[in-house]
Amino acid sequence: MATQNLLQRLDVAADTTGSSADASNRRIEEVFICAEENGISSGDAVSLDMSQTSDSDKALKVVKSASGANLDKLCIGIALEDAVDGANIRVCIRGFCEANVDASTDVGDLLQIGATAGQLAVRTVAVDEGGAATFSLFPIVAIATEEDTANVATVYVYPQF
């Protein structure tokens, strides 16, 4: 687990070949254990596995995030690599990375967990007959920094963990 947040470099991408989203505290990653039976793919939104019996395992194991009736709603970030059940997996818990998103994601869209496991959905607001705004109340996990291409977009992950 990260114990400090130090900026090591302040050079822009045009001035060096060493700048990237994951360098110099531009992105924070943590390592978890994949608890998804069919594995997790790079770009999938992941949640702490609240089905674990031990509280320490709940904070250690991750599954794909989804908005269904399961206990996989505690989204903490985006998987940075593929992993099979029981393997270690790196997760972006803050910063820029590529994510599995809804088609029709656009720049600036707020993203939350959706009905498709591992995929972030665009937060939409509807107006009911009385004029009140309605939307699903899942936490906003990220903001899109570009429009999607084939359900993949670069996003900025808000810290949740």
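## Ala99 and its partner across the chain

Ala99 sits in strand 5, in what is a predicted model. With a relative accessibility of just 1%, Ala99 counts as buried. Set aside the neighbours within four places in sequence, and Ala99 is in contact with Gly43, Ile78, Leu120, Asn151, Val152, Ala153 and Val155.

Val155 is worth picking out of that list. Ala99 and Val155 are 56 residues apart in sequence, yet their C-alpha atoms are 6.5 Å apart in space. Val155 has plenty of company besides: leaving out residues up to four places away, Val155 touches Gly95, Phe96, Cys97, Ala99, Val101, Leu111, Ala142, Ile143, Ala144 and Thr145.

## Two nonpolar cores

Val155 also turns up among the best-connected members of the largest nonpolar core. That core has 18 residues, and the ones touching the most other members are Ile78, Cys97, Val101, Leu111, Leu120 and Val155. Two or more residues apiece come from strand 4 (75-79), strand 5 (88-100), strand 6 (110-113), strand 7 (120-122), strand 10 (140-144) and strand 11 (152-157).

There's a second core, separate from that one, with 13 residues. Leu48, Ala79, Val91 and Ile93 are among its members. As a general backdrop, nonpolar side chains in soluble globular proteins tend to be buried together.

## The overall fold

Zooming out, the chain has 1 helix and 11 strands. Going along the sequence, the order is β-β-α-β-β-β-β-β-β-β-β-β.

Of the chain's 161 residues, 36% are buried. Take the contacts with a separation of 6 or more: 58% of them join residues 24 or more positions apart. The Ala99 and Val155 pair, 56 residues apart in sequence, is one example of such a long separation.

## Cysteines without a bond

How many disulfides does a search of the whole structure find? The count is 0. Cys92 is in no disulfide, and the nearest cysteine sulfur belongs to Cys97, 3.9 Å away. That pair doesn't qualify because a disulfide needs the two sulfur atoms within 2.5 Å.

Is Cys92 buried or exposed? Cys92 is buried, with a relative accessible area of 0%. Cys75 is buried too, at 5%.

## Out on the surface

The chain exposes about 8700 Å², and carbon and sulfur atoms supply 51% of that. One nonpolar surface patch, of about 330 Å², is made by Val125, Phe135 and Leu137.

Where does Val125 sit? Val125 is in the loop between strand 7 and strand 8 (126-127). Val125 counts as exposed because its relative accessibility is 55%, and the cut-off for exposed is over 50%.

## Two loop residues with positive phi

Most residues other than glycine have a negative phi. Two residues here go the other way. Ser104 has a phi near 75 degrees, a positive value in a non-glycine residue. The spot is the loop between strand 5 and strand 6, and Ser104 counts as exposed at 62% relative accessibility.

Ala150 also has a positive phi without being glycine, with a value near 55 degrees. Ala150 is in the loop between strand 10 and strand 11. Its relative accessible area is 69%, so Ala150 is exposed. That's quite a contrast with Ala99, where we came in: Ala99 is buried at 1%, whereas Ala150 is exposed at 69%.

How values were computed
Residues numbered from 1 in each chain as written. Predicted model: local features only at pLDDT ≥ 70, side-chain atom pairs only at ≥ 80, totals over all residues. Heavy atoms only, no water. Core = buried A, V, L, I, M, F, W, Y, C linked by side-chain atoms within 4.5 Å. Buried < 20%, exposed > 50% of the residue type's maximum accessible area, 1.4 Å probe, protein only. Helix = DSSP H or I, 4+ residues; strand = E, 2+ residues; numbered from the N terminus. Contact = heavy atoms within 4.5 Å. Areas by Shrake-Rupley, 256 points an atom, 1.4 Å probe, with all protein chains shown as cover. Patch = residues over 30% accessible without salt bridge, like charges linked within 9 Å, V, L, I, M, F, W, Y side chains within 5 Å. Salt bridge = Lys/Arg side-chain N within 4 Å of Asp/Glu carboxyl O.
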